Structures are given as C-alpha cells and as structure tokens.
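Me: Could you walk me through this structure, starting with the ligand site and then moving on to the helices and backbone?

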Amino acid sequence: MRTDYCGDLRAADIGRLVAVCGWVARRREHGEHLAFIDVRDRSGLVQCVVDGAHDLRSEYVVRVTGAVRQRPEGTANPGLPTGEIELGPCEVEILSVAEPPPFQIDERVEVDETIRLRYRYLDLRAERMQRNLRVRATVNSALRRAMEAQGFTEVETPMLIASTPEGARDFVVPSRLSPGSFYALPQSPQLFKQLCMVGGVDRYYQIARCLRDEDLRADRQFEFMQLDAEASFVTQAEVLAFISEAVAEAAEAVTGERPAEVPVMTWREAQERFGSDKPDVRFAMELTELTDVFAQTGFNAFKAECVKGIRVPGAGDLGRNKLDSLTDQAKRWGAKGLVWMRVEPGDTATGLALNSPVAKFLSDEEQAGIVVALGAEAGDLALIVADERPPVNHVLGLLRLELGRPPVNQGGFNFLWVVDFPLFESIDEQGRPISAHHPFTMPHVEDWALLDSTDPQDLLAIRSQAYDLVLNGWELGSGSVRIHRSDIQSRIFGLLGISPAEAQAKFGFLLDAFRYGAPPHAGFAFGIDRLAALLAGEENIREVIAFPKTQSGADPLTSAPSPLDPTQLAELGLRVLPRTT
Ligand code: ASP
C-alpha cells in the first residue's frame, strides 16, 4: 500500500511520487480550497497538501499519494526531520474513520495515566512510546546476540510451577484437575536454571517473564522481564564478565556508545561511601568519616559509635523551612537527629566558620576538623548524623540522593558491580538469620568457619559470593555463586530454620538432583524493563512496557483483575469469601 514511511522522507526525495499510510495527526486549513494534514506513522510525520473538501479528522486512517516537493520559501520547519518537504498535490484515500480520541496523542499534556492506559493503543501511537518500544526491542536483541556469542543456549522454563525462593509473595493458579491444589507462577526461573546445570546445559540463558506479588512502584511491576543466566564451572569473575558484556552490547546498540568497563565495589565500601547497596555514582557528595574528629567531644549528640557527614556544594543558602523539613525527613528515615551547618567565610584558621545552632557546643578544633574532612567551601551546607554505623550510613545515603541526584537522563550510564554482599541481611525475633539473597547462595570460602558461630554478629559478618549490578542508582539485578555441596546447603538451611522436611517439601527436586552430580555453578539475572527505561531516559518502567498495570495493579484496558463467574469457580473447587478488612 505504501512506498515510504512518513518520517523517512527528505529533501533527497524531492520529485518522487510516493504513497504513505497512517493517521491524521493534525489538520490546518490553507486558503479556501486546500488543507494541510500531517500524516503520522511509526516513523514520524509528513505534511501533505490536500483538497480542502475532504472530510479528514484527527486519527482518520489514510493513504496519501503525491509528489515530494520543497516547502515554499520561509515555511520550512527545522524542528521536524521532514520539515523541509511536503507532499502535494495529493490524492487521499480514507481507509478508516475515527471517533475523536479521548486525549491529544502527539502532545503529552497532563493526561491522567489511567486514561492513557485505558486507551493504551492510542498512547502507543505517540512518538515517545514508539521510540521506547524500539529501544526495548533493540535491548532484547542485543542481549540475545551477546549471550549467544558467549556460548549461552536459550532454554525456556515453565510458567506453572511450584514456588520459587525469591522471597516475594507468589501469584498462584488454581488447578482444575486437582481441586484445592495450586501452581505458583515463577518469581524467577531460579530452580530450573540450576537443574539445567545438573542437566549439563553448561551455559543457559533466557529472556524470562517473572511474577512477584509485591507493591508496585516506579521501577516495579507484578510481571517483569529478566535476562536470566547460569553457567557451570565458572567463577564469580567470569559471571560478571558475561553480564558486563551483555549490558555493554545493549547500551551500545541503543546509544551508539560502548560504556566503560564496569567498576567493581564491595558492599561494605558502597555502604561507607554512599550509604547504599546500589550507589548512584553519577555524582560525588560521598559520606565522610568524622568519628575521629569528635573522639573527645563534649557535645552529647556526637558522643556516638559513628559520626559522618556530607557536604552539599552551594546549598548554604537553603532556608530554615527546608532545613527543618530535611531534619524531619532524616528522623523518619531513622536518624536521632540531623545537624546542619552553613559554611561561611570566617576569621578562623581555615578561613571558614560554621553557622549552625550547635556550633557553640563544638570546639574550634572540631569545627576546623569538619571543614577539612569535608573539603568544605564557603557557600556549602554540611549535614552530620551521629549514631550506630548502619543508620548513619543509611540516612546520609538517602539525604545524598535527595539533595544531589541528577535527573534520569543526565550523567551518562554508570554501571557498577557491588560484590561481597553479606550472606544474611538481619536476624529475626527468634534469633534466626534472614537470607540476603536466596538460600542457595555460597558463602565466601574465607568465612565458612563463621557458619559455626553462635554469635549473631559473626553470622552478620559472613560475606557471600553474591553480587548486584547497579546502573545510575537503580538495582538492575542480582546473582550468586551457588551452593553445589549438600553439606554446606544443609548447614545453611539449618541456620535459616528450614528443617530437612521443609527443605525436602519445597526444594526436594533440586536437592535430589544435586545427589546425582552437581557441577559448581553460578548465575545472574537482571531486569530488562529497568535497563530499557534507563537507556530510554525514562523514570518509570511503565513507559517501556507496552501494556503495564497501574500503581494499584489494575489494567484499565482489559479490566483485569476481575471476578470469575460461578461455574468457573465451581470447576476449580473455589468459593470466594466475603472481604474482611
Ligand atoms: N533468581 C535471582 C533473582 O531473580 C537471580 C539469580 O540469583 O540468578 O533475583
């Protein structure tokens, strides 16, 4: 039906007779008998000069034939790729009429997101969505290319399974053939990819759909796509290299530029310098140790295990209201308090003085110590928190993001590996450690002895061979070297309070498989929605998903989730109880 896409036509096509197909994006009258219409397809817009008698309204579907010609002197539009040319005179064929759309497609005016999702097929016509879908497709094909070039075989794993151990709530599917029994939808292909290793696949990958029933956020949907990978007879360093190659290939395919080699940072260093296990390293404002400065302090609030601060360049002019609200914020995040200090020129040894309600409680040496340690300059703001080390890092890390984080599309693409995660993230009320990753994660060889300790602090100090990939402060994904030895696995299950019977019931098939010769193996998975969103410069993964759910988990387009009819319920042996709230 067509010879060209609308957005591809250029001055070089002048004189050609072309046919384009698409939607009427805009109509403007041109004198008495003529009209301009902009025709839109997935590639962009082209202006067509048509007979004014045609009844052509927004979103009518048309086929237009005409000659490409130069726009008259002074009417070119440099803001539009096709702005130098137009089609005319044109023949128009109406292929489909359209009702007026519920929102203007080409202008992302403040349309309520529910409306956009209700009419997602209209929203998808917009250039931004077309571009985002293409970015995503480019990412997928680059990932496949990179994994295959590195010897990985794509294996599909089932969607109707028994539960997986990622720690979120499962979505479940009732079984008609075994009423009262349920499948779980996979939170990840974790157990199957490990079975593939026992099965000799050696290098597995999959672009896998994962489902987790968690509260939705800007970077989280119920269902999401992962690049999931697992390899046998490899070390952690090799896994990092495989995945670094895949993301570099994807980033290069989208941006045209290959990102720098991905740096590696330990979890501990990330906590100390950035107060986060997913540091946004696009900007500095690092956490600075001040504990020694206050070793002898007379100021009670600073008599703490740990005192640290950040320097916010040029923020010395923040008003009292803002400073008070930051202090409240810091307390909500778990700080006992927040000390702020405006850095000003002063008659001191450093040439700088601290203007703060608490300055009078600090000695001259202490004040100078702050200035020197932070590298502060006149006009800066210093923020200081004192407490135990973990809350100090946590709160300053959040303040750092709050005050310094650049918009998503600035600062380039800063991938980072965070390694040596702790094996356990905390200890529960019954004194049991809680896994930081999943229970198949191999502890660091040097820390194996600590597994036998009864001191909770020793358990929390055990490092694991687990690693995360971070991009601009977003956690893209996680992975680990797996436990392939049953003695270590039993030890871990024991510590986690998973009894042999429970382990057998939950993961028995994996443990059985391991009895028949399990190769050492390791793997990784990262979120493709997140990678695609960041590469497309989007803050929200919904912008790179064709048909996402709203924040409340609903789909306004199809009305999912919706009640089942009584016959379906009966067939499944289910009865819906009245809601108790
Ligand atoms: N299955 C894990 C996850 O989805 C990743 C991995 O350990 O490979 O987080």
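Reply: Happy to! A polar contact here is a pair of N or O atoms within 3.5 Å; within protein, one must be able to donate a hydrogen and the other to accept it, and residues adjacent in sequence count only if both atoms are side-chain atoms. This is a predicted model, where local features need pLDDT of at least 70, side-chain atom pairs count only at pLDDT 80 or more, and totals for chains, interfaces and linings use all residues. Residues are numbered from 1 along each chain as its sequence is written, and side-chain values use heavy atoms, leaving out hydrogens and water.

Me: How far is an N or O atom in the side chain of Arg212 from an oxygen atom of the ligand?

Reply: Other side chains join in too: a polar atom of Gln226 lies 3.0 Å from a ligand oxygen, and His437 places an N or O atom 2.9 Å from one. For Arg212, the distance is 2.9 Å.

Me: How much of the ligand's area does the protein bury?

Reply: Areas come from the Shrake-Rupley method with a 1.4 Å probe. Taken alone the ligand exposes 270 Å², and the buried share is 95%.

Me: How many residues surround the ligand, and which elements each supply at least two of them?

Reply: A residue counts as near if one of its heavy atoms lies within 4 Å. That gives 13 residues, the closest being Glu166, Gln190, Lys193, Arg212 and Arg482. Helices (H or I, at least four residues) and strands (E, at least two) are DSSP runs, numbered from the N terminus. The elements are α4 (190-198), β21 (474-481) and β22 (521-527).

Me: At what angle do α3 and α5 cross?

Reply: Axes are lines fitted to C-alpha atoms, for helices over the stretch in contact, and angles run from 0 to 180 degrees between N-to-C directions. The axes of α3 (residues 127-149) and α5 (residues 236-255) come within 8 Å, and the crossing angle is roughly 140°.

Me: Which peptide bond ending at a proline in strand β5 is cis?

Reply: Pro89 lies in β5 (residues 85-96). Its omega is near -15°, and the cis bond runs from Gly88 to Pro89.

Me: Where is Phe233, and what is its phi?

Reply: Phe233 is found in the loop between β10 (223-232) and α5. For this residue other than glycine, phi is positive, near 55°.
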